[in-house]
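Reader: I've got a structure to go through. Can you walk me through it?
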Amino acid sequence: MNSTMKTYATVVLAAGKGTRMRSAIPKVLHPLAGLPMLGHVLNAVETIPLTSAFAPLAATITAHRPIVVVGCEAAQVQAAFGERCYYALQAEQLGTGHAVLAAREAVDALSPPPETVLVCYGDTPLISAEMLARVVAHHVESQATITFLTATTEQPSDFGRVVRDASGAVVEIVEVKRATEEQKRIKEVNSGVYCFERRWLWETLPRLARNPFSGEYYLTDLVAIARSQGRTVATVTGALEETVGVNDRVQLAAAEQILRRRILERHMYAGVTIVDPAATYIDAEVSIGPDTVILPGTMITGRTQIGSGCRIGPGTTIESSIIGNRCIIRNSALEEAILEDDVRIGPFSHCRPGAHLARGVRMGNFGEVKNSYIGAETDMHHFSYIGDATVGAHVNIGAGTVTSNYNGITRQKYRTVIEDGAFIGCDTIIVPPVTIGEGAMTGANAVVNRDVPPHALVVGVPARLLRMLDPAAAAAEQASSDAEGGKKE
């Protein structure tokens, strides 16, 4: 790190017990749009240096890895985020001022020590990187001791009121419990994002008095202290929506709606057609190429990647899959699958984990593929199951084909290999481990329990050789048979 550059550190307060969630899961780990609540906050924090608001500072100030203040459920939070951030433990929850003080050792251990400490909450998943960057940038530019984010609302509710003097300068933040009736009518409220001068913060936090109503140490009281010392207190105004905290499952659902609306709008502005946004669910980490159409009743989750020019839905579920360009998926489900370009699936088909469909595969209705590779331009017709198999290119898989890949006696799974150009007749049962050779064919209702040579036609139960399908293959098969016979003699 360039020694001439200044630095800032972000402290994310995530030690709250979240009792109103009524859950064994820590509040900040409850998922929204496919990510834990805290994950959305960390995404915003980590993206600050990439925002337009931060651009003027990019050459002079850089960020440290964020510090998350955790509480009694620290192990679960640390397991979820690992080395993505540093951690500080607030063993006893005594308010926001006490929580920030718990991060002192972790902040001061950073090298070089940060001049600025940004503080935000882990239960505010709607906060944007741009808004956080605006607070940091204004704090640095104004050389303030404290800079905090405010919002204006017609329904201030339980938010702390921002009290200003006749000149418009901030005097204090008054918590609603101790606000006068006149102060309760103030429409400007504290949004819970702060920047502090680090040295002043550590000097002042230990001197905070306990709040007489709750017995806790409130970070908001620092504003009045700074003002009484004649220090600069700056504010940035933003949208209240971004900093609303999630304390129960009703608020969780409300935040989810807002996040999903933002996600859908981001994709639509990027060239994706979403026919009915109210009936479409897309997680935060999904990427979709332009000119793809998403039809109603579709849910796309995890880190799914979808190419351009696709048509997805209606009634389709895609989880953590990779889909190429110009694919069509109708009324089907995909889990951890890979589809190359120009694949068509459905309706009512299922690609389970490990399914890999190469370019131009056509998979009909009520088909299922699991842990298998299906080669290019292969047709897999309806009511078929392909599991633990490698299927070549230009193969025809007739309706009702099943790979009996699981042995219920030894509890093992065996693989099937179907080579290029093979033709698998309707209702063929394949009992692996077997290989069906290039250009081979199985008759309808065949049960294949041994290898089939290339260009052979097998029929029956169990399947037996009926004839070879081309003279060259027949001669080779006869020579092989003669050689085997000679060995036996």
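Reader: What does Leu 357 stand opposite in E30?
Author: Leu 357 stands opposite Ile 374 there. This is a predicted model: local features need pLDDT of at least 70, side-chain atom pairs count only at pLDDT 80 or more, and totals for chains, interfaces and linings use all residues. Residues are numbered from 1 along each chain as its sequence is written, and side-chain values use heavy atoms, with hydrogens and water left out.

Reader: How do strand E27 and strand E30 pair?
Author: In the parallel sense, over two bridges. E27 covers residues 356-357 and E30 covers 373-374. Strands are DSSP runs of at least two residues, numbered from the N terminus. Two strands pair if DSSP finds at least two bridges between them.

Reader: Which residues touch the most other members of the largest nonpolar core?
Author: Ile 323, Leu 339, Leu 357 and Ile 436, out of 49 residues. Such a core is a set of buried Ala, Val, Leu, Ile, Met, Phe, Trp, Tyr and Cys residues joined through side-chain atoms within 4.5 Å. Buried means under 20% relative accessible area (1.4 Å probe, protein chains only).

Reader: New topic. Why does Thr 10 count as buried or exposed?
Author: Thr 10 counts as buried because its relative accessibility is 2%. Thr 10 lies in strand E1, residues 6-13.

Reader: And how confident is the predictor, by pLDDT?
Author: pLDDT is its confidence in each residue, from 0 to 100. The protein chain averages 93, and 95% of the residues score at least 70.

Technical notes. Helices (H or I, at least four residues) and strands (E, at least two) are DSSP runs, numbered from the N terminus. Buried means under 20% relative accessible area, exposed over 50%, partly exposed in between (1.4 Å probe, protein chains only).
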